[in-house]
Amino acid sequence: MIRDVRMARHWNCTYYYTGRRCKNGHLSPRFTSNKACVACETIRRTVLTPEAREHLSEKQRQYDQARKDKKREYARLWYRKNKERLKTRRQAHPNYKRRMRSANEQYRKAKRNAYIYTHDIEIQRRIDEIYDRMRELNDAGGDFVVDHIIPIQNPLCCGLHVPWNLSVITRKANSVKGNDFDPDHSFLNGMEGGDSAAANGNLLERKKTRSKPGS
Ligand SMILES: [Zn+2]
């Protein structure tokens with residue numbers, strides 16, 4: 001994501017990301033239109049009655065419980081499948097475990113910062129659907145990962161952990177792409193509407209047109 005509001009206006013982006021905290025402590029993107037913190041705005045717009053709040057947290061609790069076993073089972077399967085690969089990597093790098101751990105921590109942190117709709121169950125459900133799709137493909141023998149189309153770990157920009165910034169691609173394609181983001185040669189130019197259309201709107205557009213058969 002673009003760091004400067006002037007650049008964001010130039011590229012017609014809905015959001016930009018300064019990397020600094022808002023006055024309420026969020027490390028969150030800001031709206032280009034009024035420079036408001038997205039997290040603050042999201043919270044401000046969601047006015048919940050105590051009953052609704054209770055209902056939401058209960059729903060969330062049930063949902064977490066339901067996914068817990070699935071997650072554990074998936075982790076077991078993953079380990080069984082990747083045992084050999086892990087072994088060779090460990091042999092190649094004595095610090096493999098520590099290095100992986102710190103890389104994972106950095107990734108999780110970036111994901112947490114990019115995850116701005118934590119209270120929105122509908123968005124979470126859509127994110128989980130994407131991860132479930134990846135698991136289905138992997139269960140069928142594929143090697144897929146969930147990719148952030150605009151990377152969340154990049155010095156130039158910060159994508160969001162939102163359904164319209166996620167896509168399921170092969171692990172190989174993902175490792176080629178890495179955390180690279182080139183505003184001149186990125187997906188922005190390959191999109192309908194050209195290079196200056198708003199990134200988020202365009203991602204939604206692209207998904208819509210792609211899912212239509214024959215277009
Ligand atoms: Zn804020």
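**Exercise 1. Confidence**

In which element of the protein is confidence lowest, and in which is it highest?

Solution. The model is predicted, and pLDDT is the predictor's confidence in each residue, from 0 to 100. Start with the whole protein: the average pLDDT is 77, and 83% of the residues score at least 70. Next, go to the elements. The lowest confidence belongs to helix 7 (residues 199-211), with a mean of 37, and the highest to strand 2, at 93. Then look at the stretch 184-215, where pLDDT stays under 50. The model has 33 contacts beyond four places in sequence for these residues. Where pLDDT is low, the predicted coordinates should not be read in detail.

**Exercise 2. Order of the elements**

List the helices and strands of the protein from the N terminus on.

Solution. Count by kind: there are seven helices and four strands. Then put them in order, which gives α-β-β-α-α-α-α-β-β-α-α. As for contacts between residues at least 6 apart in sequence, 50% of them join residues at least 24 apart.

**Exercise 3. The span of helix 5**

Check the distance between the end C-alpha atoms of helix 5 (residues 121-139) against the span expected at 1.5 Å a residue.

Solution. Helix 5 has 19 residues. The expected span is 1.5 Å times one less than the number of residues, so helix 5 should span 27 Å. The end C-alpha atoms are 26 Å apart, which agrees. After helix 5 comes G141, with a positive phi near 105 degrees.

D139, a residue of helix 5 by its number, also pairs with Y74: their C-alpha atoms are 9.4 Å apart, while 65 residues separate them in sequence. Y74 is in helix 3 (residues 50-92). Y74 has 16 other C-beta atoms within 10 Å, so Y74 is partly exposed.

**Exercise 4. Positive phi outside glycine**

Where do N12 and K35 lie, and is K35 buried or exposed?

Solution. Begin with the general rule: most residues other than glycine have a negative phi. N12 has a positive phi of about 60 degrees although it is not a glycine. The loop that holds N12 runs between helix 1 (5-10) and strand 1 (15-16). With 16 other C-beta atoms within 10 Å, N12 is partly exposed.

K35 also has a positive phi, near 60 degrees, and is not a glycine. K35 sits in the loop between strand 2 (30-31) and helix 2 (38-45). A residue counts as exposed if 12 or fewer other C-beta atoms lie within 10 Å of its own. K35 has 12, so K35 is exposed.

**Exercise 5. The largest nonpolar core**

Which residues have the most contacts inside the largest nonpolar core, and why is C157 classed as buried?

Solution. The largest nonpolar core has 16 residues, and those with the most contacts inside it are M1, I2, Y16, Y17, C157 and C158. At least three residues of this core come from each of domain 1 (5-47) and domain 2 (118-211). In the protein, 16% of the 215 residues count as buried.

Now take Y17. Leaving out residues up to four places away in sequence, Y17 touches M1, R3, P29, C157 and C158.

Then take C157, in the loop between strand 3 (144-148) and strand 4 (166-170). The cut-off for a buried residue is 20 or more other C-beta atoms within 10 Å. C157 has 22, so C157 is buried. C157 and G19 are 138 residues apart in sequence, yet their C-alpha atoms are 9.4 Å apart in space.

Definitions and conventions
Residues numbered from 1 in each chain as written. Predicted model: local features only at pLDDT ≥ 70, side-chain atom pairs only at ≥ 80, totals over all residues. Helix = DSSP H or I, 4+ residues; strand = E, 2+ residues; numbered from the N terminus. Contact = placed C-beta atoms within 7 Å. Core = buried A, V, L, I, M, F, W, Y, C linked by C-beta atoms within 7 Å. Domains from an automatic or database assignment.
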